[in-house]
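This report describes selected features of a structure, chain by chain. The sequence and the model are shown first.

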Amino acid sequence: MNEDRRSFMKKAGIGLLAGIGSAAGLFPALSLEKTVFPAWDEKPEPGKYRWGMLIDTRKCSGNCKECVAACHFTHNVPDFGNRKDEVKWIWKSSYENVFPTASNQFQSPEVTERPYVALCNHCAEPPCTKACPTEATFRRWDGIVSMDYHRCIGCRFCMAACPYGSRSFNWRDPREGIKLASTDYPTRMQGVVEKCNFCSERLVKGLDPACVKACPEQALVFGDLNDQDSEIRRILESVETMQRKPELGTKPSVFYII
Amino acid sequence: MTLIKKIVLTAAGLLIMAFAGIYAFRYEESSAEKPAAAAGAADSSACIASKEYMKANHMRVLGEWRHSSVREGNRVHVAPDGRKIEKSMNTCLNCHSSNRMFCFNCHMYANVKPNCWNCHISPMEAP
């Protein structure tokens, strides 16, 4: 039997791989990738909280932009100074843009000429999460519609699906548009969608969202919609409120007092 | 050379190569170097695991932290010594940003280009 060098090396290679494979199977300590890190605890109970916001537009006055500035600074939202590249988490808009399907046809001019704060509604039935092909956006255990920017591939299906225009696309590198950077929060990168996260990074520290804290008129109330004794629930039960496009069935968590 | 001799030689060679391969890639676990239990407070004064583990697996730790904190809302990591630590890139950077080149030195040497710093503020950019 003649065995040349080439076939010997082939067999030896196969033997080596098989040896490593079986050894790793028999003795876990020999496996090449050891990733066991079994130390997790304190998982939140899904559905226990549902964060919501109530905007008292009677108090929300004029052209003040404290909430927008606070939010956009806290989250490193870029500003390029033009509408085409605009990125926004919270913004002020007109009555007909915020409530285009409001049932009252004959609203008083004082109401229709007032500016209204708009942000992600953190819907209970969010259409954006159903459109996302990579599950980069999802509804969290506490009702917040969140983004995992690591997974966003920039397809913008969620932007098409969102009926409120709450999502923005980073057409340009956002770092070019950040004049004063907050080091406590990351930026995004070019080619991902971004949106309001209800300040989930502040909520874990027990703080109210940045916009709520910044509002000089205390026009924004934040709280747990599942808690019957919360301030937001007490106000919701006592005052007539509106939601944006409620007929779509998205069940927004942001409410407006007109 | 007889057939039997050939088979024995081949088998011996295979065995030597297999053990050499296993030895070269074996996982180095040193229980002695795990950080000692810190008294009480949840801090980031000592690393969550041994230097060897973190050298080889820091990216997996970060990946698992990302998954469990972002997707499942579980933000508390319990280190093998019982310390509780917040799962956040900032926990790491609280210590490691003291050396601005901490990440970059090794990544440059190994010629790996992780995309962490596309979004996260790196120690080199931090003021």
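In chain B of this predicted model, 45% of the contacts between residues at least 6 apart in sequence join residues at least 24 apart. Of the 127 residues of chain B, 10% count as buried. Chain B holds four helices and two strands, and from the N terminus on its elements follow the order α-α-β-β-α-α.

In chain A, an open sheet is formed by three strands in the order E9-E2-E10, with mixed pairing. Strand E9 (220-224) and strand E10 (254-257) of chain A are the edge strands; each has a single partner strand, so one side of each lacks a neighbour in the sheet. On average, and with direction ignored, neighbouring strands of this sheet are turned by 20° against each other. Strand E2 (residues 51-56) of chain A pairs with E10(A) in the parallel sense, over four bridges. A:Asp56 has A:Ile257 in E10(A) as its bridge partner. Helix H9 (residues 231-238) of chain A packs on the sheet and touches E2, E9 and E10 of chain A. The direction of H9 makes about 110° with that of E9(A).

In soluble globular proteins, nonpolar side chains tend to be buried together. The largest nonpolar core here has 46 residues, of which A:Ile55, A:Ile90, A:Val117, A:Leu119, A:Cys211 and A:Leu220 touch the most other members. Among the elements of chain A that give two or more residues to this core are E2, E9 and E10, together with helix H2 (66-74), strand E3 (90-93) and strand E4 (116-119). Strand E6 (145-147) and helix H8 (210-214) of chain A likewise give two or more residues each. Leaving aside residues up to four places away in sequence, A:Val117 touches A:Ile55, A:Cys60, A:Cys67, A:Ile90 and A:Lys92.

Two loop residues of chain A are set out below by backbone angle and surroundings.

| Residue | Phi | Loop in chain A | C-beta neighbours inside 10 Å |
|---|---|---|---|
| A:Asn76 | near 55° | between H2 and E3 | 22 neighbours |
| A:Glu135 | near 55° | between helix H5 (127-131) and strand E5 (137-139) | 10 neighbours |

For A:Asn76, phi is positive although the residue is other than glycine; the phi of A:Glu135 is likewise a positive value in a residue other than glycine. Is each of these two residues buried or exposed? A:Asn76 counts as buried because it has 22 C-beta neighbours inside 10 Å, and the cut-off for burial is 20 or more. A:Glu135 counts as exposed because it has 10 such neighbours, and the cut-off for exposure is 12 or fewer.

Methods: Residues are numbered from 1 along each chain as its sequence is written. Chains are lettered from A and ligands numbered from 1 in the order in which they are written. This is a predicted model: local features need pLDDT of at least 70, side-chain atom pairs count only at pLDDT 80 or more; totals for chains, interfaces and linings use all residues. Two strands pair if DSSP finds at least two bridges between them. Axes are lines fitted to C-alpha atoms, for helices over the stretch in contact, and angles run from 0 to 180 degrees between N-to-C directions. Two residues are in contact if their C-beta atoms, placed from the backbone, lie within 7 Å. A nonpolar core is a set of buried Ala, Val, Leu, Ile, Met, Phe, Trp, Tyr and Cys residues joined through C-beta atoms within 7 Å.
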